[in-house]
Structure formats: structure tokens, C-alpha cells
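Let's take a friendly walk through this structure, starting with its charged side-chain contacts and ending with its enclosed space. Keep the 3D view open as you read.

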Amino acid sequence: MLLAIYRYRGFIISSVKRDFQSRYQTSMLGALWLVLQPLAMILVYTLVFSQVMRARMPGEAGPFAYSIYLCSGVLTWALFTEILDKSQNVFLGNANLIKKLSFPKICLPITVILSAVLNFLIIFTLFILFLLFTGNFPNMLFFAVIPLLCVQLIFSVGLGMIFGVMNVFFRDVGQFVTVLLQFWFWFTPVVYVLNSLPEWARHILMYNPMARLMACYQSIFAYHKMPDWYSLWPVLLLGIIFCALGMRLFKKHSADMVDEL
């Protein structure tokens, strides 16, 4: 499978490029929408919650404290939702391509992942520039983001692969994922500060893998502290299980997808 991905690397790269161009080339503002959409979300939540939440951030009374806390959550959550949303529709959305061309279908999820990571890196770079400009860059702690992103990608890709295969045979999966993400967002400490919740609520939220990841991102950017690496091992383990299950489903039903599509 890895050899097939390498052989079709040109197809994958051109697909990522085509996806990026198709999303922004025909609009007046182009790729600027990539920045404007999360920026609008961040501004709304900052205006609504900043005073309340900033008071609940111990030792973080700076003017940008809550905005940084919010950005670190919103941007990484957007990466998670983009991978999940595109993955669950990756085979259905490319049905004509699958039927007409002979190529390894695993290239399609790879394209989704690379496209999502590219979009994330563009806006994340702007966030880094904001941190540098305001004097809130976490210095060497910043490199702790790399393993966090790796764990998040493993978890997101595994779950996305499962939903993508299932959605070919059970079309309700796409609707389920949309509803799931709406609830999942509010059960993840992206907008609100985890420390503002009662002890029992914090304990329950720790069963949410994304809550653990968000806490680590926010520890780096908002509090300039090393994340709790031990808290991530259940997320990594779950991600590996999801990846293994997703690949098993893909291999088992890959041939049946063409007929089902």
C-alpha cells in the first residue's frame, strides 16, 4: 500500500492542488476566506466570552490571554473537523472518479489529510505571527506542538477512515457525523476554560479524547507550560485502534465500494 501511494504521489499532489484551487480560485477573496471564517468565529466568541472567561484563567490577566486560549482551541479543532468531515464523504464525493479510473483508492484519504493539513498550516502560521507580535510566543515549548499534532492526526485519520468506509454502505453516517461534531464541540473545552467547570464535570470531560488534546494545546499557548504527556496515551492508543480498524474495513470492503457507489 505504501508503494502504491509512492507511485501515485503525482496524482495525490495534483489532487491537493486542484482541491485548494477549486475552493478559492473562483471566489473574489480567494484563499483569504481560509482566514476570515475562523477569524470571524474567534472574534464572536472573544467579544461574547472574553471578560467572563479571562477572569477564570488563573494568573493570566493579559489582554490577549483568552484570545490566545480560544485560538489554540479553535484552530486545532478546525483541523480535526475538516479531516472528519471530508473523510466521511471522500469515497461518495469521488464516485465518478473511482468508477472511471483505475488507481489505489487509498490515495483519496491521503489527499484529504494533506489538504486539511495545508489549510491548517496557512492559518496556524498567522497565529504564530500574532503570538510573536504580541510577545506571547512560547519559545522552545512551541516544539511540543509537533507530537501533539501527530497524535491528533492519528486519531482523526483513524476515525475519519472508519466513517468514510461506513458512509458508502450506510448513507446516514454523513448526517450522524454532522450532528456528532456539533455536540462534540461543546463537550470539548474550546470556548470555555476547563478550570471554570466543577470537579465532577472536568472528570467526565477527560473521557473525551479531544478534551485531553485541547488541554495540552492550551497549556502550551495560553499558560506556557509543558503539556501533560501522560494524559495523551489513551488518545494515542485509541487513534492506533481506529487506524487499524479503519484500514481493516477499507481492505475488506474496497472491492465492494465500486458496486455500492
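In this predicted model, the side chains of K86 and E82 come together in a salt bridge, with 3.1 Å from N to O. Both residues sit in helix 4, which covers residues 65-88, and they are four residues apart there, so about one helical turn separates them. How exposed or buried are the two partners? K86 is partly exposed, at a relative accessible area of 22%. E82 has a relative accessible area of 17% and is buried, because the cut-off for buried is under 20%.

How many salt bridges does a search of the whole structure find? The answer is two, and the other pair to look at is E199 and R202, whose side chains meet at 3.5 Å, N to O. This pair belongs to helix 10 (residues 199-205), where a spacing of three residues puts about one helical turn between E199 and R202. Here E199 counts as exposed, with 57% relative accessibility, while R202 reaches 26% and counts as partly exposed.

Here are the two pairs side by side:

| Salt bridge | N to O distance | Helix | Relative accessibility |
|---|---|---|---|
| K86 and E82 | 3.1 Å | helix 4 (residues 65-88) | K86 22%, E82 17% |
| E199 and R202 | 3.5 Å | helix 10 (residues 199-205) | E199 57%, R202 26% |

Helix 4 has another residue worth a visit. S67 lies in this helix and counts as buried, at 16% relative accessibility. Try finding I42 from there: S67 and I42 are 25 residues apart in sequence, and their C-alpha atoms are 7.5 Å apart in space.

Now for the enclosed space. Rolling a probe the size of a water molecule over the atoms shows where empty space is left. In this model, the count is one cavity of 30 Å³ or more. The volume of the largest cavity is about 40 Å³. Which residues line the largest cavity? They are S87, V90, P109, I113, V157, G160, M161 and G164. Helix 7 (107-134) and helix 8 (145-169) are the elements that each give two or more residues to this lining. Helix 8 supplies the largest share, with four residues.

The chemistry of the wall is easy to describe: five of the lining residues are nonpolar, three are polar and none are charged. Glycine counts as polar in this grouping, so G160 and G164, both in the lining, fall on the polar side.

Terms used:
Residues numbered from 1 in each chain as written. Predicted model: local features only at pLDDT ≥ 70, side-chain atom pairs only at ≥ 80, totals over all residues. Heavy atoms only, no water. Salt bridge = Lys/Arg side-chain N within 4 Å of Asp/Glu carboxyl O. Buried < 20%, exposed > 50% of the residue type's maximum accessible area, 1.4 Å probe, protein only. 1 Å grid on protein atoms, 1.4 Å probe; cavity = no way out; pocket = protein on both sides within 12 Å on 5 of 7 lines; lining within 4 Å. Points joined across faces, edges and corners; volume = space filled by probe spheres on them.
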